[in-house]
Amino acid sequence: MNPTTAISFCLFSLNPKGITMKGGKSKGKADNKLGVKKSVPQTKKEKNAAKDPNKPKRPASAFFVFMEDFRKQYKEKHPGNKSVAAVGKAGGDKWKHLTDAEKAPYIAKAEKRKAEYEKNMDAYNRKQAGEADEDEESDKSKSEVDEEDGSDEEDEDDD
């Protein structure tokens, strides 16, 4: 037996339906021995529908505050460049080479925006909690009204 015959013998097997290659893809049903269900990922529309439009947006980091200024400067120097990637790459390189003293104003702006965001989030969360409390109170008042109506009817039956 030559080496190629031995290799061919290992790759093929004989079954009642004919010769099949081992390790090849089957054309029949997939074998679900594990029985693991894959979770269906949500579409973008479903994810966006769940978001509250009144919720405050997260603040930009110091780098993104820097990029706001850098984009303006870069467009003035390179008016013909329309590549977003080129602007981002140039901005990233410049940010890496800035000293801490040069980054300080951007960090200060970012911290100011973060403080404002936290204040807005506290107000938003209080408003959300207030709406939840109102819903619970309205449910209680409905049940209390129902109980009072029921007790009045019982008193009338006793007379």
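Helices (H or I, at least four residues) and strands (E, at least two) are DSSP runs, numbered from the N terminus. The model is predicted: local features need pLDDT of at least 70 and side-chain atom pairs count only at pLDDT 80 or more, while totals for chains, interfaces and linings use all residues. Residues are numbered from 1 along each chain as its sequence is written, and side-chain values use heavy atoms, with hydrogens and water left out.

**Exercise 1. The chain as a whole**

Task: State how many helices and strands the chain has, and give the pattern that the chain follows along the sequence.

Solution:
- Step 1. The chain contains five helices and two strands.
- Step 2. Along the sequence, these elements follow the pattern α-β-β-α-α-α-α.
- Step 3. Burial is considered next: buried means under 20% relative accessible area, exposed over 50%, and partly exposed in between (1.4 Å probe, protein chains only). Of the 159 residues in the chain, 11% are buried.
- Step 4. A contact requires heavy atoms within 4.5 Å. Among contacts between residues at least 6 apart in sequence, 61% join residues at least 24 apart.

**Exercise 2. The largest nonpolar core**

Task: Identify the residues of the largest nonpolar core and the helix that gives the largest share of this core.

Solution:
- Step 1. A nonpolar core is a set of buried Ala, Val, Leu, Ile, Met, Phe, Trp, Tyr and Cys residues joined through side-chain atoms within 4.5 Å.
- Step 2. The largest such core has eleven residues: Ala62, Val65, Phe66, Met67, Phe70, Tyr74, Val87, Trp95, Leu98, Tyr106 and Ala110.
- Step 3. At least two residues of this core come from each of α3 (62-77), α4 (84-97) and α5 (100-158).
- Step 4. Helix α3 gives the largest share, six residues.
- Step 5. As background, nonpolar side chains tend to be buried together in soluble globular proteins.
- Step 6. Tyr74 illustrates the surroundings of one core residue: leaving out residues up to four places away in sequence, Tyr74 touches Asn81, Ala86, Val87 and Ala90.

**Exercise 3. Aromatic pairs around Phe66**

Task: Determine whether the pair of Phe66 and Phe70 is stacked or edge-to-face, and whether the pair of Phe66 and Trp95 is stacked or tilted.

Solution:
- Step 1. Rings of Phe, Tyr and Trp (its six-membered ring) pair if their centres lie within 6.5 Å; planes under 30 degrees apart count as stacked, over 60 as edge-to-face and the rest as tilted.
- Step 2. The whole structure holds eight aromatic pairs. In one of them, Phe66 and Phe70 are 5.6 Å apart, centre to centre, with 25° between the planes, and the pair is stacked.
- Step 3. These two residues both lie in helix α3, four residues apart, about one turn of the helix. Phe66 counts as buried because its relative accessibility is 3%; Phe70 is also buried, at 8%.
- Step 4. The ring centres of Phe66 and Trp95 are 5.2 Å apart and the planes stand at 45°, so this pair is tilted.
- Step 5. Because Phe66 lies in helix α3 and Trp95 in helix α4, the pair ties together parts that are 29 residues apart in sequence.
- Step 6. Ring pairs also link a cluster of Phe63, Phe64, Phe66, Phe70, Tyr74, Trp95 and Tyr106.

**Exercise 4. Salt bridges**

Task: Name the residues whose side chains meet in salt bridges, and state in which helices these residues lie.

Solution:
- Step 1. A salt bridge is a side-chain nitrogen of Lys or Arg within 4 Å of a carboxyl oxygen of Asp or Glu. The structure holds two.
- Step 2. Glu68 and Arg113 form a salt bridge at 3.1 Å, N to O. This pair links distant parts of the chain, with Glu68 in helix α3 and Arg113 in helix α5, 45 residues apart.
- Step 3. Glu68 is partly exposed at 32% relative accessibility, and Arg113 is partly exposed at 33%.
- Step 4. Lys109 and Asp69 form a salt bridge at 4.0 Å, N to O. Since Lys109 lies in helix α5 and Asp69 in helix α3, the pair ties together parts that are 40 residues apart in sequence.
- Step 5. Lys109 is partly exposed at 41%, as is Asp69 at 24%.

**Exercise 5. Lys103**

Task: Establish whether Lys103 is buried or exposed, and which side chain of opposite charge is nearest.

Solution:
- Step 1. Lys103 is found in helix α5.
- Step 2. Lys and Arg count as positive and Asp and Glu as negative; His and the chain ends are not counted.
- Step 3. Lys103 is buried but has no salt bridge, and the nearest side chain of opposite charge, Asp100, is 5.0 Å away.
- Step 4. Apart from neighbours within four places in sequence, Lys103 is in contact with Trp95 and Leu98.
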